Amino acid sequence: MKAAVYYNLDDIRYEEVAQPEIGRGEVLVKVRSCGLCGTDISKMVQRTVTPPAVLGHEVAGDVEKVGDGVEKFHPGDRVFVAHHVPCLLCHWCRRGNYTLCPQFRRTNIDPGGFAQYIRVPALNVEKTMLSIPEDLSYEEACLIESTACCLRAIIKCQIQLGDRVAIVGMGPMGLLHLQLAHLAGATQVIALDLVNHRLEISKRFGAEAIINPEKEDPLPTVKRLTEGRGADLSIVATGSVEAIGQAMRLVREGGRVNFFAECPPDSRLTIDPNLIYHSEVTLMGSYSSTPYEQRMALDLIRLGRIKVRELITHRFKLKNLNEAVRLAKEGKQSLKIIIVP
Ligand SMILES: [Zn+2]
Ligand SMILES: [Zn+2]
């Protein structure tokens with residue numbers, strides 16, 4: 001079979017690799033759609049993955065073959081599958097830190113979604129493989145994963161009815177946060193981005209206010225919009241220390257800041273400790289998603305409460321993954337990019 005194999009940032013080769021063999025409890029899935037995620041890009045840019053490697057983890061496809069003992073799925077079934085599986089029983093899982101579970105970090109699909117076929121290990125078949133309802137396309141289904149990651153963050157943020165939320169970074173994840181924040185009860189979402197085009201799109205997705213921090217200092221505007229308080233919650237959906245600084249500045253006393261994107265490895269943040277002590281600001285992070293949010297995300301997408309189709313701006317063939325990565329890295333014209341074998 002063919003796969004797009006990462007050797008270097010500008011060297012992704014479309015080449016022949018061995019089609020994975022499946023064992024007991026496992027499923028072979030023919031990939032139909034795989035989303036290109038910001039984390040795929042950062043793994044390549046920061047070389048946190050050892051080449052040669054096949055990336056891609058936002059997968060939807062068809063069951064090609066099932067191993068002995070698989071009863072829930074049959075050849076021809078349309079399925080979504082997530083790559084990591086929490087054990088639900090360890091110290092971390094019992095405290096709700098599912099995505100820090102050692103099994104979660106260890107599990108993965110084989111070789112990765114940027115391939116014609118993937119082997120889905122038994123644990124994933126059991127916990128993270130979902131049938132795609134008839135009225136959902138493969139493209140929409142592969143976005144269950146990103147939606148679930150945002151949903152987990154939004155649930156952690158405990159938005160109250162009437163909250164004012166600032167989102168810094170209006171890429172696909174920022175736009176998902178925007179929709180989910182509204183759904184969770186936020187009455188005002190203020191979208192921040194350095195790219196005007198993304199701010200315009202945020203408006204279409206329902207942002208009550210948009211700010212380009214390069215053009216104006218966002219603080220006075222956010223204060224004016226929130227009766228002088230600042231945002232109840234700010235979400236950082238872009239991997240930059242400047243964006244985090246911005247988010248911390250915009251939040252009200254007693255507010256929360258959610259760190260939702262990976263910064264470059266050597267990043268350092270300077271914090272006034274009194275922001276946490278005297279102003280009681282809570283800093284928190286949210287990484288990845290669990291089978292719980294994946295099921296919820298599927299429902300929200302199917303019921304039309306979260307729009308994902310509108311996030312897709314580009315589709316690339318698997319053999320052109322290089323080009324897709326280049327476009328995504330620029331981060332200007334594209335939102336969600338989908339790779340089709
Ligand atoms: Zn992802
Ligand atoms: Zn666990």
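The following paragraphs describe the domain division, strand pairing and one helix packing in a predicted model.

The protein is divided into two parts: domain 1 comprises 2-143 + 308-340, and domain 2 comprises 156-285. A distance of 29 Å separates the C-alpha centres of domain 1 and domain 2. Across the boundary, 9 residues of domain 1 are in contact with 10 residues of domain 2. On the domain 1 side, helix 1 (residues 38-45) supplies the largest share, with 3 residues. By residue class, the side of domain 1 that touches domain 2 consists of 2 nonpolar, 5 polar and 2 charged residues.

Strands of a sheet pair through backbone hydrogen bonds, in either the parallel or the antiparallel sense. Antiparallel pairing is found between strand 3 (residues 27-36) and strand 4 (residues 58-66), which are joined by 8 bridges. Within this pairing, G35 has E58 of strand 4 as its bridge partner. Strand 4 also pairs with strand 5 (residues 78-81), again in the antiparallel sense, over 4 bridges. In strand 5, V81 stands opposite V59.

Parallel pairing is seen in an open sheet of 6 strands, whose order is 10-9-8-11-12-13. Strand 10 (209-211) and strand 13 (282-285) each have a single partner strand and stand at the edges, so one side of each is left without a neighbour in the sheet. From one strand to the next, the twist averages 20°. At one of these edges, strand 13 pairs with strand 12 (residues 251-259) in the parallel sense, and the two are connected over 4 bridges. The bridge partner of F259 in strand 13 is G285.

Two packed helices are described by the angle and the distance between their axes. For helix 6 (residues 144-157) and helix 7 (residues 172-183), the axes come within 9 Å and cross at roughly 50°. Because angles from 35 to 65 degrees fall outside the parallel and perpendicular ranges, helix 6 is oblique to helix 7. The crossing of helix 6 and helix 7 is right-handed. Helix 6 contributes S146, T147, C150, L151 and I154 to the contact, while helix 7 contributes P172, M173, L176, H177, L180 and A181. Of the residues in the contact of helix 6 with helix 7, 8 are nonpolar and 3 are polar, with no charged residue among them.

Conventions: Residues numbered from 1 in each chain as written. Chains lettered and ligands numbered in written order. Predicted model: local features only at pLDDT ≥ 70, side-chain atom pairs only at ≥ 80, totals over all residues. Axes fitted to C-alpha atoms, helices over the stretch in contact; angles between N-to-C directions. Parallel < 35°, antiparallel > 145°, perpendicular 65-115°, else oblique. Left-handed = near helix turned anticlockwise from the far one by under 90°. Contact = placed C-beta atoms within 7 Å. Nonpolar A, V, L, I, M, F, W, Y, C, P; charged D, E, K, R; others polar. Domains from an automatic or database assignment. Pairing = 2+ DSSP bridges.
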